[in-house]
Amino acid sequence: MPDAAKRVRKLRALLLSKYDEVWAQAEGLGWTCLEGEDVDDDTAGEQYHVCWSDTSVSDARVMNMGRMARVNHFPGMLDLVRKAGTARNLNKMREALGKEYSFFPRTFVLPADYTALKQEFGPKRGRKTFILKPSRGAQGAGISLTRSLSDIDPQANNIVQRYMAKPHLIDGYKYDMRLFVLLTSLSPLRIYIFREGLVRLCTQPYGLTGTGSNLQDLRMHLTNYAINKNADGFVQPTSAEDDCSSKRLVSSVLAKLGEERGSQPELWSEIQQLCVKTIISAQPHLLHTYRTCRQRAADDCGSTCFELLGFDVILDAKLKPYLLEVNHSPSFTCDSPLDEAVKSAVLRGTMEMVSFSREEKKLLKGAGRRLEPATRTRLAMARAEYESGHADRLG
């Protein structure tokens, strides 16, 4: 196996993470794991090869990363994946490209779009259902459904979307898919979508009444684990193959859809396109922010940052996928065998993918104080070759 395909095994990792599985997978790869107190802030970027943080990292940390160090967040990503940021980007793309971005529901960002939202409640518009989400909310907190404009605060920092009245159901329950997407480079853009993910079911059977009398039954309408995990109807998976629980594998649900409706190869392709197009909508801003942070770094080759995102996707009754939201720091809590099977594979695959190849290490060690253009080109080629050789391992 050529050096370009082999990874450096003896790496040091600064783990600013509360998740046991993050630590377990890093240790399983043979990395030396460091805590924040083990690192001197003045020379932090030279004391580790990988920094993994549960939260966004400062621009200063990105600026000071060493030539052989990587961090698991891009500067500027947090603002873009907050609900309002996602909505603004995708609304612009939908205006420019039409149906290419029809996978995102009609969305109003308040307070700026309140006048346009009022028009949706006109006397000839019918009784539409809308879902309100705090722009910076998480785990379903603060979300509500309404058919009345008077329930919507025009000055609140919320987003308001048309609610999907006819979702596809599993055994009568609404569900969504949590997909894991790895972004390793902005220029050129390199995106990897893990084949396996999680399906999360509500704990009350779905049924939207004509009067809207059950709009407040959140465990009927919201798939968030934090909302459903303590419900009487929640069933924790007992194995990774459990098809009768409130969490299931994406692969098992897609297989079931194939049995019920025939082969659905285009569905997975549409889901992949949804993920890629969403990142494309943010790429120009992310690239500008990244280059601004790294413009003084003589050692930058464009691969200092990577990002592991959680995409939440829902299918309508006709099996058209829609984006619900993008999670900047998806949870890696493993409280069932199914969680552990999926998340351990995602973490290991990510850590292997962002490891330095032996060819990169050789080039960096042999380089001078500043990287020559020819060395940068060879490093970029080595990174692309390494990732190409490891892409098929992303289970």
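## Phe234 and its surroundings

Phe234 is placed in the loop that runs between α7 (225-228) and β13 (247-249). The model discussed here is a predicted one, and in it Phe234 is buried, because its relative accessible area of 15% falls under the 20% cut-off. When neighbours within four places in sequence are left aside, the residues in contact with Phe234 are Thr203, Tyr225, Asn228, Lys229 and Ser246.

Between Phe234 and Lys247 there are 9.1 Å from C-alpha to C-alpha, at a separation of 13 residues in sequence. Lys247 also takes part in an arrangement with Tyr225, since the charged end of Lys247 sits over the ring of Tyr225 at 3.8 Å from its centre. Tyr225 is therefore a residue that is in contact with Phe234 and that carries the charged end of Lys247 over its ring.

## His168 and Leu319

His168 occupies the loop between β8 (158-162) and β9 (169-170), and it is buried, with a relative accessible area of 7%. Apart from neighbours within four places in sequence, His168 is in contact with Tyr173, Tyr175, Leu257, Arg261, Leu315, Asp316, Ala317 and Leu319. With Tyr175 there is in addition a polar contact between the two side chains, at 2.8 Å. The C-alpha atom of Met93, by contrast, is separated from that of His168 by 26 Å, the two residues being 75 apart along the chain.

Leu319, one of the residues in contact with His168, is found in the loop between β14 (307-315) and β15 (321-327). Although Leu319 is not a glycine, its phi is positive, at about 70°, and the residue is buried, with a relative accessible area of 6%.

## Other backbone features in loops

Asp171, which lies in the loop between β9 and β10, likewise has a positive phi, near 55°, in a residue other than glycine. Asp171 is exposed, because its relative accessible area of 55% is over the 50% cut-off, whereas Leu319 is buried.

Two cis peptide bonds, each leading into a proline, can be described as well. One of them joins Leu110 and Pro111, with omega about 5°, and Pro111 is found in the loop between β5 (107-109) and α5 (114-119). The other runs from Ser187 to Pro188, with omega near 0°, and Pro188 is placed in the loop between β10 (173-186) and β11 (189-193).

## Aromatic rings

A search of the whole structure finds 7 aromatic pairs. Among them is the pair of Tyr101 and Phe103, which is tilted, with 5.3 Å from centre to centre and 40° between the planes. Both members of this pair are buried, Tyr101 with a relative accessible area of 3% and Phe103 with one of 6%. Elsewhere, Tyr19, Phe180 and Phe332 form one aromatic cluster.

## A parallel sheet

Four strands form an open sheet in the order β2-β1-β3-β4, with parallel pairing. The edges are taken by β2 (32-34) and β4 (70-71), each of which has a single partner strand, so one side of each is left without a neighbour in the sheet. Strand β3 (residues 50-53) is joined to β4 by 2 bridges, and these two strands run parallel; Val71 in β4 is the bridge partner of Cys51.

The edge strand β4 spans residues 70-71, and Arg70 is also involved with an aromatic ring, lying over the face of Phe356 at 3.8 Å from the ring centre.

Key
Residues are numbered from 1 along each chain as its sequence is written. This is a predicted model: local features need pLDDT of at least 70, side-chain atom pairs count only at pLDDT 80 or more; totals for chains, interfaces and linings use all residues. Side-chain values use heavy atoms; hydrogens and water are left out. Buried means under 20% relative accessible area, exposed over 50%, partly exposed in between (1.4 Å probe, protein chains only). Contact means heavy atoms within 4.5 Å. A polar contact is a pair of N or O atoms within 3.5 Å; within protein, one must be able to donate a hydrogen and the other to accept it, and residues adjacent in sequence count only if both atoms are side-chain atoms. Rings of Phe, Tyr and Trp (its six-membered ring) pair if their centres lie within 6.5 Å; planes under 30 degrees apart count as stacked, over 60 as edge-to-face and the rest as tilted. A charge sits over a ring if NZ of Lys or CZ of Arg is within 6 Å of the ring centre and within 35 degrees of the ring normal. Two strands pair if DSSP finds at least two bridges between them.
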